[in-house]
Amino acid sequence: MITALISLNKDNMSVIREQDVVPFRNRVKEHAVKIKMGLVNQTKLITAASELVRNMLRYGGGGEVLIEVVSRGRDNGIRLTFNDKGPGIADISLAMKDGFTTGKSLGLGLPGTKRLVNEFDIKSELGKGTKVTIVKWVNG
Amino acid sequence: MERIPILRMGQFLLVTIQVDLYDRLALDLEADLVKMVSKTGAQGILIDISAVSIVDSFMGRIIGNIGVMSKLLDAETVVVGMQPAVAITLVELGLPLKGVFTALNVERGMDLLKSKIQIIEEDIIDPDDDYSTDLS
């Protein structure tokens with residue numbers, strides 16, 4: 001049986017410049033600490049967030065991030081939703097491949113991020129933007 | 001403008017990263033370090049990341065770049081003090097930081113750098129020794 005996911009706390013933040021990244025990471029950390037997430041999972045979550053926010057800045061020209069404390073059954077966790085209005089991703093399965101990049105990076109961002117979190121979802125529409133959602137459970 | 005200070009100690013350059021790096025700061029550090037190696041003729045770089053809680057793929061790439069660039073200028077790079085959680089995250093991310101030496105703490109990092117430089121010096125002296133006759 002799949003129990004519904006309940007959102008307990010919402011926090012919206014816009015990231016449009018490179019200087020917004022560090023405060024954003026700190027905000028995510030605050031929420032993770034509040035629900036008593038362990039250090040390793042915290043580090044994984046913040047690293048994942050950092051990868052996605054960089055993608056959003058580089059390819060999507062910045063956007064909004066929704067930080068939520070979520071609960072499903074006995075599990076608590078953090079859900080992050082990254083929304084940009086950039087050009088979108090033409091081929092998502094290609095973008096999810098290790099080593100693929102259209103920019104100058106290593107091409108680890110998306111596939112690496114997926115390995116660091118418990119749930120990962122990406123939706124993109126050409127010319128409209130990209131939405132990435134990740135969830136990291138406290139005990140995940 | 002904010003900058004990461006680089007300290008010179010004998011043949012080595014020391015960098016302690018105490019703040020959360022954003023991209024510009026990391027890129028500046030990369031450029032500053034390479035310039036500094038060229039200017040001072042330093043043979044080793046020691047980067048202390050014990051206060052860094054996040055190393056993402058960008059930061060990892062910068063650290064790797066510093067290692068490769070300084071190698072081109074004949075200097076070795078040692079990264080010390082990585083937090084366990086950072087090591088776990090880096091490997092899962094798929095970025096095992098090849099190309100740079102690592103050590104647990106500053107003391108061991110210094111020893112490692114010294115031993116690397118000694119080996120290089122011995123290599124230079126060796127050809128003049130006994131077994132140079134082997135080559136002829």
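Contact here means heavy atoms within 4.5 Å. The model is predicted. By that criterion, A:Pro111 touches A:Ala95, A:Met96, A:Lys97 and A:Asp98, leaving aside residues up to four places away in sequence. A:Pro111 belongs to helix H4 of chain A, which spans residues 109-116. The relative accessible area of A:Pro111 is 6%. Buried means under 20%, so A:Pro111 counts as buried. A:Gly99 lies 12 residues from A:Pro111 in sequence. In space, the two C-alpha atoms are 8.8 Å apart.

Chain A also contains an open sheet of five strands. The strand order is E1-E2-E3-E5-E4, and the pairing is antiparallel. Strands E1 (6-15) and E4 (119-125) occupy the edges. Each of these edge strands has a single partner, so one side of each lacks a neighbour in the sheet. From one strand to the next, the twist averages 15°. At the E4 edge of chain A, the partner strand is E5 (residues 129-137). E4(A) and E5(A) run antiparallel and are joined by seven bridges. Within this part of the sheet, A:Phe120 stands opposite A:Ile134 of E5(A).

Two helices of chain A are placed against the sheet. Helix H1 (residues 21-34) packs on it and touches E1, E2 (63-72) and E3 (75-84) of chain A. The direction of H1(A) makes about 165° with that of E1(A). Helix H2(A) lies across E1, E2, E3 and E5 of chain A. H2(A) runs at about 10° to E3(A).

H2(A) also takes part in a contact between chains. Two packed helices are described by the angle between their axes and the distance between the axes. H2 of chain A (residues 39-60) packs with helix H3 of chain B (residues 84-93) at an angle of about 50°. Their axes are 9 Å apart. The helices H2(A) and H3(B) are therefore oblique to each other. Their crossing is right-handed. On the H2(A) side, the contact is made by A:Leu39, A:Val40, A:Thr43, A:Lys44, A:Thr47 and A:Glu51. H3(B) contributes B:Ala85, B:Val86, B:Ile88, B:Thr89, B:Glu92 and B:Leu93. By class, the contact comprises six nonpolar, three polar and three charged residues.

Notes
Residues numbered from 1 in each chain as written. Chains lettered and ligands numbered in written order. Predicted model: local features only at pLDDT ≥ 70, side-chain atom pairs only at ≥ 80, totals over all residues. Heavy atoms only, no water. Axes fitted to C-alpha atoms, helices over the stretch in contact; angles between N-to-C directions. Helix = DSSP H or I, 4+ residues; strand = E, 2+ residues; numbered from the N terminus. Parallel < 35°, antiparallel > 145°, perpendicular 65-115°, else oblique. Left-handed = near helix turned anticlockwise from the far one by under 90°. Nonpolar A, V, L, I, M, F, W, Y, C, P; charged D, E, K, R; others polar. Pairing = 2+ DSSP bridges. Buried < 20%, exposed > 50% of the residue type's maximum accessible area, 1.4 Å probe, protein only.
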